[in-house]
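Here are some friendly notes to read alongside the structure. Please keep the 3D view open as you go through them.

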4 protein chains.
Amino acid sequence: MASDAAREETARGVLTPAVYDYFAGGAGDERTLRDNVAAWLRVPLRSRAGASCPEADTSVELLGSHLAAPILLAPVAAQRLLHPDGELASARAAAAAGTVFCLSTRATADLADVAAAGGSGPLWFQLYVRPERDGTERVLRRLGPAGYRAVVVTADLPMPGERDREFRHGPIPMPEGVGIVDHLGSLEPWFKPSVGGWRATLQWSDLGWIAEAAGLPVLVKGVMTAEDASLALSHGAAGVVVSNHGGRQLDGCLPTAVVLPEIVEAVAASVPVLVDGGIRTGADVLRALALGADAVLIGRPYAWGLAGGGQAGVEEVLTELVEELAEAMKAAGSASVGAVGSAVLA
Amino acid sequence: MASDAAREETARGVLTPAVYDYFAGGAGDERTLRDNVAAWLRVPLRSRAGASCPEADTSVELLGSHLAAPILLAPVAAQRLLHPDGELASARAAAAAGTVFCLSTRATADLADVAAAGGSGPLWFQLYVRPERDGTERVLRRLGPAGYRAVVVTADLPMPGERDREFRHGPIPMPEGVGIVDHLGSLEPWFKPSVGGWRATLQWSDLGWIAEAAGLPVLVKGVMTAEDASLALSHGAAGVVVSNHGGRQLDGCLPTAVVLPEIVEAVAASVPVLVDGGIRTGADVLRALALGADAVLIGRPYAWGLAGGGQAGVEEVLTELVEELAEAMKAAGSASVGAVGSAVLA
Amino acid sequence: MASDAAREETARGVLTPAVYDYFAGGAGDERTLRDNVAAWLRVPLRSRAGASCPEADTSVELLGSHLAAPILLAPVAAQRLLHPDGELASARAAAAAGTVFCLSTRATADLADVAAAGGSGPLWFQLYVRPERDGTERVLRRLGPAGYRAVVVTADLPMPGERDREFRHGPIPMPEGVGIVDHLGSLEPWFKPSVGGWRATLQWSDLGWIAEAAGLPVLVKGVMTAEDASLALSHGAAGVVVSNHGGRQLDGCLPTAVVLPEIVEAVAASVPVLVDGGIRTGADVLRALALGADAVLIGRPYAWGLAGGGQAGVEEVLTELVEELAEAMKAAGSASVGAVGSAVLA
Amino acid sequence: MASDAAREETARGVLTPAVYDYFAGGAGDERTLRDNVAAWLRVPLRSRAGASCPEADTSVELLGSHLAAPILLAPVAAQRLLHPDGELASARAAAAAGTVFCLSTRATADLADVAAAGGSGPLWFQLYVRPERDGTERVLRRLGPAGYRAVVVTADLPMPGERDREFRHGPIPMPEGVGIVDHLGSLEPWFKPSVGGWRATLQWSDLGWIAEAAGLPVLVKGVMTAEDASLALSHGAAGVVVSNHGGRQLDGCLPTAVVLPEIVEAVAASVPVLVDGGIRTGADVLRALALGADAVLIGRPYAWGLAGGGQAGVEEVLTELVEELAEAMKAAGSASVGAVGSAVLA
């Protein structure tokens with residue numbers, strides 16, 4: 001996705017500085033933000049002769065869904081700040097591309113409207129656990145009937161990171177009629193990037209009642225150590241997402257590409273391991289798979305596609321990435337995702 | 001403290017070039033000055049899920065004082081060059097923040113006036129040993145009655161480093177009525193950064209009579225090797241400060257973050273180990289603690305705060321750093337300073 | 001060849017952007033393109049005193065040909081886009097310099113015309129295997145009678161890399177009367193850099209009928225792993241060329257200097273090992289020899305020489321490189337190519 | 001010597017581009033030129049407390065001469081291109097500073113005139129071995145009577161490096177009455193940087209008759225490997241100079257700081273080991289000593305001093321370096337040159 005930079009430039013041109021900085025920025029000096037990207041590039045690939053692999057199949061099975069490729073749309077908040085169609089456009093694009101759209105708690109569209117838009121595409125729901133458990137349970141109980149297939153609990157947010165680029169703008173006003181939903185019928189007309197009330201209330205023991213209320217598999221997002229992976233598994237997680245919140249929380253923490261192998265080893269194939277952070281090309285996806293991930297999530301790349309082109313922009317991003325992954329798999333001699341192994345790496 | 005650079009810029013705008021260069025500059029090509037900062041960033045952190053650590057307590061006990069956080073104000077000379085309130089403002093800010101202010105021998109305020117300003121905050125006194133032992137003893141005997149709790153002997157200054165940025169300006173004239181005190185009643189109206197008479201007179205055997213004259217614990221500042229740490233301990237030091245004088249002495253020597261572990265090992269918890277040099281963020285403080293330091297000292301960051309905002313400016317620096325440290329501790333899964341261990345590091 | 005950059009600048013001045021970008025560009029973010037060059041520079045040389053080696057002989061025997069130096073002209077497509085004399089000029093320059101010109105399948109001159117121009121110089125032919133085996137066989141049968149001495153089968157092209165710099169220009173129009181030949185009498189007046197029909201049709205088992213049809217030794221170009229080297233040998237390859245297509249295919253794959261030793265070890269001297277990619281100076285050639293290569297191929301450097309000066313420009317490039325190699329061999333204490341060993345490297 | 005860059009800037013202002021480029025330039029892309037400097041900076045120093053070393057003595061005995069510091073003036077050709085006083089000024093400055101001036105074969109002053117100017121200071125003579133042995137012997141026989149104490153044979157020059165920056169200017173015209181001497185009474189009015197006739201004629205066996213003709217100890221300059229150090233010793237060398245000709249010969253060869261330990265080990269203290277290349281500060285000298293060198297030579301730094309200030313300019317360079325070395329030794333806890341050991345290094 002060498003055109004990722006071009007898409008970001010286009011998005012920057014159509015967004016207000018406050019909105020652009022919210023989506024582009026990271027914590028502190030943005031070292032982890034940059035290092036997330038750079039760390040994938042430091043994983044060298046061994047390229048095989050074409051004769052060794054003429055075709056490659058990118059499709060996978062993931063938590064009961066058949067996906068065209070192991071590339072999912074990560075939860076991204078407040079997408080109507082990027083484009084009038086917001087989360088509806090992204091859900092449609094994911095469905096068209098045969099992959100998962102993961103809706104954010106802090107969306108600008110109700111979960112049922114997104115499900116209606118996404119049609120038959122697989123949908124997941126990202127959850128910040130609120131202090132008031134009652135409201136959260138009511139949201140969770142809506143998911144299954146609306147067609148969602150998994151809950152992704154964000155566990156890496158004890159408090160918002162020091163995102164200077166973002167915070168200096170203050171709360172971002174919303175367009176007329178747009179707001180942050182609570183998935184229970186009400187709506188907040190300002191977007192306060194700092195997530196206030198949610199901070200630091202998730203306990204490991206919460207995973208149980210979340211799974212029960214939703215009746216869905218629960219993945220834990222924000223796992224960066226073998227210890228937390230083991231804690232998540234022992235509390236019933238159906239999967240883990242290796243993530244440092246896109247470099248938006250603890251600046252200076254390790255990039256996800258570096259910690260991924262430690263977590264893969266701790267999980268030992270008992271549940272799927274996903275990873276996000278800095279994935280920009282099909283070759284990056286191949287690297288993640290070779291390091292043991294079952295799938296990846298992308299965030300900023302599709303946000304720029306959404307800003308610049310709505311649903312079509314997001315589809316273009318996914319199409320390019322899947323094509324690049326297929327090429328990279330062939331160049332690496334892997335005919336299927338299951339065949340991608342550590343022999344791909346130098 | 002991503003705003004550290006902004007504060008330095010503000011300070012640069014209100015100071016004369018000669019004064020700015022004195023505080024900002026380092027020895028030689030300023031490689032150690034830069035490397036002090038960079039070396040902390042090379043220590044990667046492992047970030048834990050929020051569920052693993054909802055709260056963090058930054059307070060510590062240090063040499064008999066209870067501090068709100070293990071972040072002290074390092075001795076910085078001639079602070080009335082930075083702000084009319086000089087050392088008084090810094091002492092008040094440290095007291096308000098619940099931490100130590102360490103007064104420089106080469107101050108622009110008498111030690112008793114600083115003690116009066118600092119109220120109940122813990123005060124330390126930094127000492128250059130002068131050739132005339134008699135004067136030094138008279139200063140040391142004033143410390144206890146004035147409320148000081150420790151003496152920090154600077155041991156790393158055989159002669160002034162080649163600070164080109166500083167020395168090209170020559171002696172710096174002082175504002176009317178301001179001068180470098182001798183803590184015995186007289187005052188010098190010019191500030192000569194090169195410390196002339198003090199050079200290379202400290203012997204390890206001096207630690208004994210210094211402690212006796214002051215009746216206070218004596219820490220040795222400027223320890224950069226296990227050998228010197230052992231020598232300091234065997235001569236009765238109550239603590240060591242790992243320091244290369246902020247990169248102002250031997251350019252090309254190792255950064256403090258790199259030598260810290262060797263000294264922690266040599267000291268083996270018999271006395272506190274402090275460290276300074278290049279610490280700019282709460283995550284840097286966390287790194288120092290994880291590498292075995294008991295506390296850190298900051299210098300230039302609060303000098304810029306003082307230049308730009310007097311006491312309030314220094315308080316802002318401390319408040320930000322303590323908040324950042326608390327955040328970093330939670331993100332690293334450490335509920336208390338004592339709980340910070342090497343598991344925090346990758 | 002410190003003048004390589006100057007030659008590229010000259011070439012850039014005389015070529016259209018589309019043509020310049022086709023020859024200069026690489027895949028993706030062009031990381032492998034850059035790393036190919038940088039990787040040679042990371043191989044440090046040990047320089048010997050002049051007394052240890054007063055003279056150096058650069059000549060070699062390679063697949064039955066005596067060459068003045070182990071520096072060959074790599075297959076480069078569509079050379080009449082660079083200069084009106086195109087492949088004829090390059091073949092003449094190689095003959096004058098006593099080395100091999102390797103003609104590309106996708107040339108702008110028929111193989112017989114090139115052979116006539118190249119006179120007695122050794123000629124090789126590079127082959128993309130087409131789906132229609134019949135046409136390929138007819139081309140191969142022309143090679144021996146025309147004087148070609150080896151076939152170089154490109155094996156690293158399952159599909160064209162994502163060469164943004166190149167592809168954004170679209171197909172490149174050809175000058176009047178110029179076109180891409182098929183070596184069977186017809187000619188295509190547009191140059192479509194993406195090689196469409198040829199993609200991913202080479203099977204390892206094809207090596208057999210290729211060698212039989214041509215009656216010539218077959219080298220496999222695009223070997224980047226020990227596995228593929230072994231596969232090539234077991235299917236009868238008479239040599240391997242370590243190549244990542246000049247960084248034009250899988251961006252992010254290892255540079256050729258890094259994988260060369262692994263392939264040299266796998267081949268174990270049973271056939272010659274050649275290498276291309278990023279070789280810009282005689283010292284780079286020395287490094288390749290010291291890492292175990294029998295010879296190197298250069299691509300872009302002579303393309304720039306051709307663009308700027310036709311045959312004389314290519315000869316200048318070869319003369320400079322051979323002189324530099326002789327100097328580097330003496331500086332490294334190697335009197336002959338056979339004497340270059342790993343003692344040359346640090 | 002942070003003022004080294006300033007001196008080079010001054011020199012650049014007073015010299016013609018051709019002359020500046022001759023002295024400043026290196027071979028090829030000037031990688032070794034830059035790396036020579038950078039490699040010293042990568043050797044980290046351990047700084048000791050001032051109490052551990054109040055004073056330092058920089059003096060040394062070297063091949064029978066007592067020197068104020070182990071810092072010698074390297075042979076630099078054609079010094080009247082830099083300043084009208086040329087080699088006479090440099091010899092006087094070295095004598096005043098109590099160190100060795102090593103005169104180049106390709107000087108602009110006869111060796112006797114230099115000896116007269118240099119007074120009682122120790123003088124060495126650098127030799128390129130010419131094909132006509134007779135002339136060389138006559139020069140060598142003049143050395144002892146004129147007061148020279150050693151011969152330094154340059155062994156690293158099989159042929160001139162590809163110094164683009166230098167060669168593009170062609171031969172440099174000399175001021176009226178100035179020329180390159182042959183130390184036998186005649187003089188050449190043009191300076192051709194490429195040394196033509198001398199190339200590649202030194203044999204190891206030449207060391208014997210050189211020593212006999214001169215009746216002086218012979219050092220070999222240009223040793224970069226243990227092998228060549230052993231060859232030099234077995235042919236009677238009284239010392240070796242680790243040198244890559246200041247990055248002017250084989251670009252890409254290792255920097256001298258990197259190969260020094262291998263040669264120190266091979267020589268095993270049987271004769272002195274000197275080193276040049278990229279030494280710019282007293283801390284660099286300390287590093288060289290700690291890595292096992294007995295002394296260092298500086299070239300470009302004093303050339304810039306000579307260009308800007310004649311004898312006084314060269315003296316200033318030496319004074320600064322010796323002061324810096326003394327400071328660095330104290331900071332490293334070394335009271336004498338003999339006491340500098342590997343404990344200084346991290």
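The points below deal with how the chains are arranged and how two of them touch.

1. Before anything else, keep in mind that this is a predicted model.

2. Start with the symmetry. A turn of 90° with a shift of 0.0 Å along the axis lays chain D on chain C, and the RMSD is 0.0 Å. The two copies are therefore related as by a four-fold rotation axis. To find that axis from chain D, look for R42(D): of the residues of chain D, its C-alpha comes closest to the axis, at 11 Å.

3. Now turn to the contact of chain A and chain B. Chain A brings 28 residues to the contact, and chain B brings 21 residues. Between these two chains about 2100 Å² is buried, and carbon and sulfur atoms give 56% of that area.

4. What links side chains of opposite charge here? The rule finds three salt bridges across the interface of chain B and chain A. One to look up is the salt bridge between the side chains of E262(A) and R46(B), at 2.4 Å from N to O. Six residue pairs, both residues at pLDDT 80 or more, are also in polar contact across this interface.

5. Which helix of chain B gives the most to the side that touches chain A? Helix 11 (282-290) and helix 12 (300-331) of chain B each supply at least two residues of that side. Helix 12 gives the most, with five residues.

6. Finally, consider the classes of residue. The side of chain B that touches chain A has eleven nonpolar, six charged and four polar residues.

Key: Residues are numbered from 1 along each chain as its sequence is written. Chains are lettered from A and ligands numbered from 1 in the order in which they are written. This is a predicted model: local features need pLDDT of at least 70, side-chain atom pairs count only at pLDDT 80 or more; totals for chains, interfaces and linings use all residues. Side-chain values use heavy atoms; hydrogens and water are left out. Copies are superposed by least squares on the C-alpha atoms of residues with pLDDT of at least 70 in both. Contact means heavy atoms within 4.5 Å. Buried area is the accessible area (1.4 Å probe) that two parts lose on being put together, summed over both. A salt bridge is a side-chain nitrogen of Lys or Arg within 4 Å of a carboxyl oxygen of Asp or Glu. A polar contact is a pair of N or O atoms within 3.5 Å; within protein, one must be able to donate a hydrogen and the other to accept it, and residues adjacent in sequence count only if both atoms are side-chain atoms. Helices (H or I, at least four residues) and strands (E, at least two) are DSSP runs, numbered from the N terminus. Ala, Val, Leu, Ile, Met, Phe, Trp, Tyr, Cys and Pro count as nonpolar, Asp, Glu, Lys and Arg as charged, and the others, Gly among them, as polar.
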